[in-house]
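Open the model in your viewer and switch to a cartoon view. Keep the selection box ready for this tour.

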Amino acid sequence: MEQLRACDAPCSIEKLAERAGYRVTEIETLCQDDPEIVYGPDRQVFWKPYLPDLISTVQHFLGEYHQDHPLRRGIGRERLRDSLWPKWSLRSVLFVVHYAENVVVEGEWVRLADFVPVVEGAWAQEIESVYQAIDASARKPLTVEQLIGMTSIHTERFFDIIDYLLSQKRLVRLEEGIYISTPVYIASRDIVIKALQERGALTTSELRDVLEANRRFAVLFLELLDALHITRRQGESRTLVS
C-alpha cells in the first residue's frame, strides 16, 4: 500500500482506490486485513505508524490552548483544523482526534477530557470589570470598542470573557457586539410584558417610551423578545404571545 504510505493525512477508501487503481471493495478488504492500517470513522484510512505523532501534536496543542484560553470550553473544530493542518479536510482532522486519548469532541468544541474552565487571579478581576461595565450601562449598552477602552483589556482576552459570561448566562446578546446583563434583560422583559398585559398592543415607539430607552435598544430588545416567542409583531404593533 505504497499509496497510503505517501499520504500525509487520513484519506477516504474511495480516494485511495482511485490512486491505487483498484476497486473500492478490493481496497476496503486490504485495509481491513492489514494490521499496519487504521480503518477509522467515515471510511477513512491512515498508515498506523504515522498516527502517534499526529495524536501527540493534537494533545500538545490543546494543552497550550487551554493555558492561553482558560475560560473557553475548548477550541472550535474548524479552528483546530486551521491551526494545525489547514489543507486537510475536517474529516481527516477528526479522524486523528477520534484516536487521541484524553481528547473529547462536544458538538463544535474539542478539548482535553480533563480540562475545565478555570476562573482565578487576573481573569476573575477582569470578568467582574467587564460585567460591571455592561450592567451599569443598563438600557444604553456600550459598544465593544467602548468596553475595551473602559476596561483596558486586550481584545482577544475581552472576547474570551464575553463568551464566558454568556455561557454562565450572566449576559444576553442583543446582536453581535451588543450585550446587556441578565438582570437588565429580566427587568426590561417584565416591563414590556406588564405594559402589553395592561394595554393590549403597543408600537415600537410606545414600548421605547415604556422602557425609557433609545430606539436602537428598543428595536434590538423587542426583536429578541419576538425571537423568544414572548411577543409577536403584527404590523406596526406588538402583542404578547398567548
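The stops below go through a predicted model, one selection at a time.

**Stop 1: a buried residue in a strand**

Select Gln-44. This residue sits in strand β3, residues 44–47. Is Gln-44 buried or exposed? With a relative accessibility of 3%, Gln-44 counts as buried, because the cut-off for buried is under 20%. Now show what surrounds Gln-44. Leaving out residues up to four places away in sequence, Gln-44 touches Pro-10, Cys-11, Ser-12, Val-38, Tyr-39, Arg-91, Ser-92 and Phe-95.

**Stop 2: helix α6**

Next, select residues 90–99. This is helix α6, and Leu-90 lies in it. Leu-90 has a relative accessible area of 17%, so Leu-90 is buried. Which residues does Leu-90 contact, beyond its neighbours within four places in sequence? They are Arg-77, Glu-78 and Arg-81.

Colour the buried residues of α6: Leu-90, Ser-92, Val-93, Phe-95, Val-96 and Val-97. Then look at what they pack against. The partners are β2 (37–39), β3, α4 (51–68), α5 (77–84), β5 and β6.

Before moving on, draw a line from Leu-90 to Pro-141. The two are 51 residues apart in sequence. In space, their C-alpha atoms are 38 Å apart.

**Stop 3: a sheet of three strands**

Select β4, β5 and β6. In what order do these strands lie in their sheet? The order is β4-β6-β5, the sheet is open, and the pairing is antiparallel. β4 (75–76) and β5 (103–106) are at the edges. Each has a single partner strand, so one side of each has no neighbour in the sheet.

Zoom in on β4 and β6. Strand β6 covers residues 109–112, and two bridges join β4 to it. Find Gly-76, then its bridge partner in β6, which is Trp-109.

**Stop 4: helices α7 and α8**

Select residues 121–137 for helix α7, and add α8. Two packed helices are described by the angle between their axes and the distance between the axes. For α7 and α8, the angle is about 130° and the axes are 10 Å apart. That makes α7 oblique to α8. The crossing of α7 past α8 is right-handed.

Show side chains at the contact. From α7, pick Ser-129, Val-130, Ala-133 and Ile-134. From α8, pick Leu-147, Met-150 and Thr-151. By class, this contact has five nonpolar, two polar and no charged residues.

**Stop 5: helices α8 and α9**

Keep α8 (residues 144–151) and add α9 (residues 155–167). Their axes come within 11 Å and cross at roughly 105°. α8 and α9 are therefore roughly perpendicular to each other.

Which residues of the two helices meet? On the α8 side they are Val-144, Leu-147, Ile-148 and Thr-151. On the α9 side they are Thr-155, Phe-158 and Phe-159. The contact of α8 with α9 divides into five nonpolar, two polar and no charged residues.

**Stop 6: a hairpin**

Select strand β7, residues 171–175, together with β8. The two strands run antiparallel, and four bridges join them. Find Glu-175 and look across: Ile-178 in β8 stands opposite. β7 and β8 form a hairpin with two residues between them. In the turn, Gly-177 has a positive phi of about 90°.

Now select β8 alone, residues 178–181. Which residues lie on each face of β8? Ile-178 and Ile-180 are on one side, and Tyr-179 and Ser-181 are on the other. All of these are buried, and both faces of β8 are covered.

**Stop 7: another sheet, with helices across it**

Finish with β9, β10 and β11. These three strands form an open sheet in the order β9-β11-β10, with antiparallel pairing. The edges are β9 (202–203) and β10 (231–234). Each edge strand has a single partner, so one side of each is left without a neighbour in the sheet.

Strand β11 spans residues 237–240, and four bridges join β10 to it. Pick Thr-231 and find its bridge partner in β11, Leu-240.

Now add two helices. Helix α10 (residues 182–199) lies across β9, β10 and β11, running at about 95° to β11. Helix α12 (residues 215–227) lies across β10 and β11, running at about 110° to β10.

Conventions
Residues are numbered from 1 along each chain as its sequence is written. This is a predicted model: local features need pLDDT of at least 70, side-chain atom pairs count only at pLDDT 80 or more; totals for chains, interfaces and linings use all residues. Side-chain values use heavy atoms; hydrogens and water are left out. Axes are lines fitted to C-alpha atoms, for helices over the stretch in contact, and angles run from 0 to 180 degrees between N-to-C directions. Angles under 35 degrees count as roughly parallel, over 145 as roughly antiparallel, 65 to 115 as roughly perpendicular and the rest as oblique. Contact means heavy atoms within 4.5 Å. Ala, Val, Leu, Ile, Met, Phe, Trp, Tyr, Cys and Pro count as nonpolar, Asp, Glu, Lys and Arg as charged, and the others, Gly among them, as polar. A crossing is left-handed if the near helix is turned anticlockwise from the far one by less than a right angle, and right-handed if clockwise. Buried means under 20% relative accessible area, exposed over 50%, partly exposed in between (1.4 Å probe, protein chains only). Two strands pair if DSSP finds at least two bridges between them.
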